[in-house]
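Please open the structure in your viewer and display it as a cartoon. The tour below proceeds by selection, one stop after another.

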Amino acid sequence: MKLVHRDIDKNNSGSVVLIPEESEDMWHIYNLVAKDDTIRSTTIRKVQTESATGSVNVSKVRTTLTIQIENIDFDTQAGVLRVSGRNIQENQYVKMGAYHTLLLELNRKFTLDKQEWDSVTIDRIETACDPVQHADLMAIVMQEGLAHVCLVTPSMTLVRAKIETNIPRKRKGLCDQHTKGLHRFYDQIIQAFQRHVNFEIVKCVLIASPGFVKDHFAEYMFTYAQKTEDKSILDNKSKFVLVHSSSGFKHSLKEVLSDPSISARLADTKASGEVKLLDDFYTMLQTDPDKAYYGVQHCEKAAKEQAIEVLLISDELFRAQDVAKRKRYVTLVDTVKESGGDVRIFSSLHVSGEQLGQLSGVAAILRFPMPYEDDEDDSDSD
């Protein structure tokens with residue numbers, strides 16, 4: 001998604017101009033728009049004109065309309081989003097107050113105006129418009145003396161660092177120079193990798209090279225991590241996958257990602273983190289139930305005590321038509337963030353989001369045990 005313009009004042013009211021660039025962006029927009037928001041976009045409208053002789057002609061014209069949203073319809077299979085409501089600005093083809101449906105399409109600019117942009121909607125815009133947030137796959141494509149450190153998003157590959165250095169050739173009696181040059185090269189790659197990796201987002205790291213270069217580098221990197229006690233690399237060792245490529249140039253990444261055996265392993269990297277988090281919650285629920293809460297009422301109580309370490313919440317809850325309900329969930333998210341907790345918003349379209357929905361859509365893993373009160377009213381847990 002491309003953010004063209006943002007005009008949000010200190011009272012959190014204002015507008016943004018966005019251009020959806022891929023099908024996933026339509027899902028983000030569906031979670032942004034709400035009833036009573038105003039949206040402005042180009043559309044095609046049928047217009048009737050009557051000639052002097054009394055004959056009526058019907059033609060289609062492209063015009064720009066601003067409507068106040070009353071209904072939202074999202075076709076998940078086709079990735080089509082329709083918003084309908086009354087026209088609120090004068091237009092030569094459409095009367096004030098007349099109903100119209102806007103079809104939001106890829107690569108078509110639109111303006112969304114809200115009375116209040118809460119923290120969840122602002123975070124969603126930043127996530128959707130920052131390509132790094134989608135880059136749950138990282139790749140190091142290398143050969144001796146050349147390496148590219150890349151972030152891979154659904155729509156593009158971003159080269160974050162290019163390392164190019166001369167490595168002395170192996171000569172009889174001078175192998176030390178070759179080894180030292182190779183280690184300097186490996187150190188540069190590791191430093192570039194550490195600068196750009198975010199293991200909270202990145203779910204898989206590909207190390208690709210011709211021959212055994214990748215194997216030697218991986219061995220050196222893990223040994224380096226043990227010596228320097230770099231827990232970020234050691235704790236995420238399972239995320240590294242060694243694969244073959246024809247060279248260390250960026251274009252070699254295409255052949256790596258098109259390999260069926262590799263694509264199968266990477267099929268659901270983005271969602272795997274959510275699945276693991278939900279599994280952790282269920283495990284906690286079985287082994288230490290006083291540290292696993294679900295239901296909005298219980299989670300609000302834990303948030304007030306600053307007890308929530310990780311909050312799991314479904315994006316479906318933020319689409320509630322009731323403004324008070326929506327604000328309740330936003331307040332819960334803000335409270336958890338202010339106390340240093342981690343907030344994970346699950347997609348209701350994914351299987352993990354559906355499972356969370358069965359637990360009322362809100363769950364939490366706590367920092368310390370909080371026994372349930374037997375007399376507590378559980379009416380809000382559904």
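The following stops indicate what to select and what is found there.

**Confidence**

Begin by colouring the chain by pLDDT, since this is a predicted model. The mean pLDDT of the chain is 85, and 90% of its residues reach 70 or more. Select strand S16 (residues 362-366), which has the highest mean pLDDT among the elements, 96, and then helix H3 (residues 131-134), which has the lowest, 62. Next, select residues 375-382, where the pLDDT is below 50. Beyond near neighbours in sequence, this stretch has 14 contacts in the model.

**The seven-stranded sheet**

Select strands S1 to S7. In what order do the strands of this open sheet lie? The order is S1-S2-S7-S3-S4-S5-S6, and the pairing is antiparallel. Strand S1 (2-8) and strand S6 (99-104) stand at the edges; each has a single partner strand, so one side of each is left without a neighbour in the sheet. From one strand to the next, the twist averages 40°.

Now restrict the view to strand S3 (residues 38-50) and strand S7 (residues 110-114). These two pair in the antiparallel sense over four bridges. Within this pair, isoleucine 39 stands opposite leucine 112 in S7.

**Two helices on the sheet**

Add helix H1 (residues 23-32), which packs on the sheet and touches S2, S4, S5, S6 and S7. The direction of H1 makes about 70° with that of S4. Add helix H2 (residues 119-129) as well; this helix also packs on the sheet, touching S1, S2 and S7. The direction of H2 makes about 155° with that of S1.

Which residues of H1 are buried? They are Asp25, Met26, Trp27, His28, Ile29, Asn31 and Leu32. Seven of the 10 residues of H1 are thus buried, so this helix is largely enclosed by the rest of the structure.

**Strand S8 and its partners**

Select strand S8 (residues 137-143). Six of its seven residues are buried, so S8 is largely enclosed by the rest of the structure. Extend the selection to strand S9 (residues 146-152), which runs antiparallel to S8 and is joined to it by seven bridges. In this pair, alanine 139 stands opposite cysteine 150 in S9. S8 and S9 form a hairpin with two residues between them, and glycine 145 in the turn has a positive phi of about 90°.

Then select strand S11 (residues 204-209), which pairs with S8 in the parallel sense over five bridges. Here the bridge partner of valine 141 is alanine 208.

**A crossing of two helices**

Select helix H4 (residues 175-196) and helix H5 (residues 213-228). Their axes come within 10 Å and cross at roughly 70°. H4 and H5 are therefore roughly perpendicular to each other, and H4 passes H5 in a right-handed crossing. Show the side chains where they meet: the residues in H4 include His183, Tyr186 and Ile190, and those in H5 include Phe217, Tyr220 and Tyr224.

**Two loop residues**

Finally, select asparagine 12, in the loop between S1 and S2. Asparagine 12 has a positive phi of about 65° although it is not a glycine. Serine 360, in the loop between helix H12 (351-358) and S16, also is not a glycine and has a positive phi of about 80°.

Is each of them buried or partly exposed? Asparagine 12 counts as partly exposed, at 32% relative accessibility, whereas serine 360 is buried, with a relative accessible area of 16%.

Definitions and conventions. Residues are numbered from 1 along each chain as its sequence is written. Side-chain values use heavy atoms; hydrogens and water are left out. Two strands pair if DSSP finds at least two bridges between them. Axes are lines fitted to C-alpha atoms, for helices over the stretch in contact, and angles run from 0 to 180 degrees between N-to-C directions. Contact means heavy atoms within 4.5 Å. Buried means under 20% relative accessible area, exposed over 50%, partly exposed in between (1.4 Å probe, protein chains only). pLDDT is the predictor's confidence in each residue, from 0 to 100. Angles under 35 degrees count as roughly parallel, over 145 as roughly antiparallel, 65 to 115 as roughly perpendicular and the rest as oblique. A crossing is left-handed if the near helix is turned anticlockwise from the far one by less than a right angle, and right-handed if clockwise.
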